[in-house]
Amino acid sequence: MIPAADLHTAAERFGTPLYVYDAAELDAALARVRAAFGDARVYYAMKANPNLSLLRRLAAAGVGAECVSPGEIARAEKAGLRGDRLIVNGPAKSASEYAAGARLDATFIVDRAEEVGLLPPASRALVRVNPALEVSTHDHLATGAAGSKFGVTLAQAPEVLDALRAAGHTALGLHVHIGSAIRDAHDFTAAFGRLTELRALTGPLAVLDAGGGWGLDADLPGIAREARAAADAFGAELWVEPGRYLVARSGTLLTRVVGTKRTGRNFALVDAGMTELLRPMLYGAAHPVTPLWAGEPDGVWDLAGPACESGDLLARDVALPAPVPGALLAVGEAGAYGASMSSTYLTRARPAEALYEGGGWRCIRRRETPEDVWRAEVETGEDTGG
């Protein structure tokens with residue numbers, strides 16, 4: 001945990017809103033994954049937070065990357081990841097993703113039957129299976145439900161494996177990912193159980209990719225036992241793809257109080273909002289909030305951001321000492337889908353990011369300027385070069 005005095009130092013040095021990351025917690029999260037899953041191959045689902053410094057730190061520790069866009073593939077290559085350390089996933093891959101994946105000798109995850117004919121020649125591939133389960137998370141985060149857009153059905157999976165082989169590809173095995181922030185570990189038991197039922201139709205497989213999606217307080221050893229049992233049923237090597245679990249608790253969003261107002265509710269107005277942290281508005285996510293100033297709780301407040309949107313609230317019903325302008329707040333568990341989902345809506349410049357390691361700070365993303373936000377726009381009369 002980063003000491004409060006050092007959080008104040010970061011806010012003074014880099015300004016707010018500011019994302020800060022604790023390198024020690026990032027390392028500890030990876031250690032927990034490896035302690036639970038043993039020799040399973042670990043791929044970081046980098047959509048959770050693609051910052052190159054964090055990606056390189058994980059890569060140096062032997063972690064691969066799972067990419068779901070051309071930009072993420074480019075980041076992975078920049079971090080030196082390729083070959084069996086790189087997975088290309090996604091339900092609607094572009095021609096550029098297939099080409100980049102082939103050039104980097106990545107493994108592809110096949111999300112639909114017709115994709116077999118789109119793969120580069122002699123590709124390595126896994127078939128993503130949708131186990132058709134209702135799971136314990138927000139609807140927008142559930143990817144293994146029967147109505148979700150991901151994967152092939154259980155009945156289709158053996159046929160797609162056969163089609164891969166017939167087309168000259170290497171059909172490594174199966175992939176499953178049922179969602180993010182799963183609260184009930186029994187959801188994983190059910191998903192792995194449904195995959196295991198395919199064993200009689202698929203025969204032995206080289207790889208079972210059990211995805212990720214574990215809640216931050218999940219019973220990792222228990223989930224790992226279930227995943228290992230499923231992999232063993234196929235005689236397969238186990239792969240896992242944690243994203244949020246690895247980075248969420250390492251990250252904190254620092255924001256300052258701008259002022260207060262009392263209407264039907266008490267509002268502490270802060271300088272960060274939906275453009276910096278979208279998860280509360282998008283998923284109803286609740287992030288822990290810590291006031292970094294002294295005093296006993298003086299009341300219950302909603303943290304309201306600066307956007308002209310009623311939903312621009314970082315938290316509700318937070319007990320705080322009397323808020324005063326300039327007071328610093330720490331919004332926790334923000335390392336995943338915080339900075340990565342930040343936007344320039346309202347021409348808001350995206351925040352700086354800093355890494356805390358060895359008791360000191362290092363800037364790993366400078367704060368944008370308004371000029372950065374509109375740099376790619378073409379004004380009337382400019383030569384576009386095309």
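Here are legends for several close-up views of a predicted model.

**View 1. An aromatic cluster built from Phe37, Trp214 and Tyr245.**
The structure has six aromatic pairs in total. In one of them, Phe37 and Trp214 are stacked, with 4.9 Å from centre to centre and 20° between the planes. That pair brings together distant parts of the chain: Phe37 belongs to helix H2 (residues 23-37), while Trp214 sits in the loop between strand E8 (207-209) and helix H9 (220-234), 177 residues apart. Both Phe37 and Trp214 are buried. Trp214 also pairs with Tyr245, this time edge-to-face, at 5.8 Å centre to centre and 70° between the planes. Here too, distant parts of the chain are linked: Tyr245 is in helix H10 (residues 244-247), 31 residues from Trp214 in the loop between E8 and H9. Tyr245 is buried, as is Trp214.

**View 2. The second largest pocket, with a volume of about 420 Å³.**
Which residues come closest to the centre of this pocket? Out of 17 lining residues, they are Met1, Ile2, Arg249, Thr252 and Gly332. Three strands each put at least two residues into the lining of the second largest pocket: E10 (251-262), E12 (289-291) and E15 (328-331). Sorted by class, the lining of this pocket comes out as eight nonpolar, five polar and four charged residues.

**View 3. The largest cavity, holding about 30 Å³ of space.**
Searching the whole structure for cavities of 30 Å³ or more turns up one. The largest cavity is lined by Val176, His177, Ile178, Phe188, Ala191, Phe192, Ala210 and Gly212. How does that lining split by class? There are six nonpolar and two polar residues, and no charged ones.

**View 4. Ala334 and its contacts, in the loop between E15 and E16.**
Ala334 counts as buried because its relative accessibility is 0%, and the cut-off for buried is under 20%. Setting aside neighbours within four places in sequence, Ala334 touches Tyr19, Ala248, Gly251, Thr252, Leu253 and His287 by the contact criterion. One of these, Thr252, also appears among the residues closest to the centre of the second largest pocket. For a sense of scale, take Asp105: it is 229 residues from Ala334 in sequence and 33 Å from Ala334 in space, C-alpha to C-alpha.

**View 5. Ala59 in helix H3 (residues 52-60).**
Is Ala59 buried or exposed? Ala59 has a relative accessible area of 10%, so it is buried. Once neighbours within four places in sequence are left out, its contacts are Ala79, Leu81 and Arg85. Ala59 and Arg262 are 203 residues apart along the sequence, and their C-alpha atoms are 48 Å apart in space.

**View 6. Backbone oddities: the cis peptide bond between Thr16 and Pro17, with omega of about -5°.**
Pro17 falls in the loop between helix H1 (4-14) and strand E1 (18-22). Elsewhere in the chain, two residues are worth a look for their phi angles. Asp317 is not a glycine, yet has a positive phi of about 55°. Asp317 is part of strand E14 (residues 313-320), and it counts as exposed because its relative accessible area is 52%. Thr347, likewise a residue other than glycine, has a positive phi near 50°. Thr347 lies in the loop between E15 and strand E16 (352-357). With a relative accessibility of 45%, Thr347 is classed as partly exposed.

**View 7. Two cysteines, Cys67 buried and Cys308 exposed.**
How many disulfides does the structure hold? The count is zero. Cys67 has 0% relative accessibility, so it goes down as buried. Cys308 is classed as exposed because its relative accessibility is 77%.

Technical notes:
Residues are numbered from 1 along each chain as its sequence is written. This is a predicted model: local features need pLDDT of at least 70, side-chain atom pairs count only at pLDDT 80 or more; totals for chains, interfaces and linings use all residues. Side-chain values use heavy atoms; hydrogens and water are left out. On a 1 Å grid over the protein atoms alone, a cavity is a set of points where a 1.4 Å probe fits but cannot get out, and a pocket is an open set with protein on both sides within 12 Å along at least five of seven lines; lining residues have an atom within 4 Å of a point. Grid points are joined across faces, edges and corners, and a volume is the space filled by probe spheres set on the points. Helices (H or I, at least four residues) and strands (E, at least two) are DSSP runs, numbered from the N terminus. Ala, Val, Leu, Ile, Met, Phe, Trp, Tyr, Cys and Pro count as nonpolar, Asp, Glu, Lys and Arg as charged, and the others, Gly among them, as polar. A disulfide is a pair of cysteine sulfur atoms within 2.5 Å. Buried means under 20% relative accessible area, exposed over 50%, partly exposed in between (1.4 Å probe, protein chains only). Rings of Phe, Tyr and Trp (its six-membered ring) pair if their centres lie within 6.5 Å; planes under 30 degrees apart count as stacked, over 60 as edge-to-face and the rest as tilted. Contact means heavy atoms within 4.5 Å.
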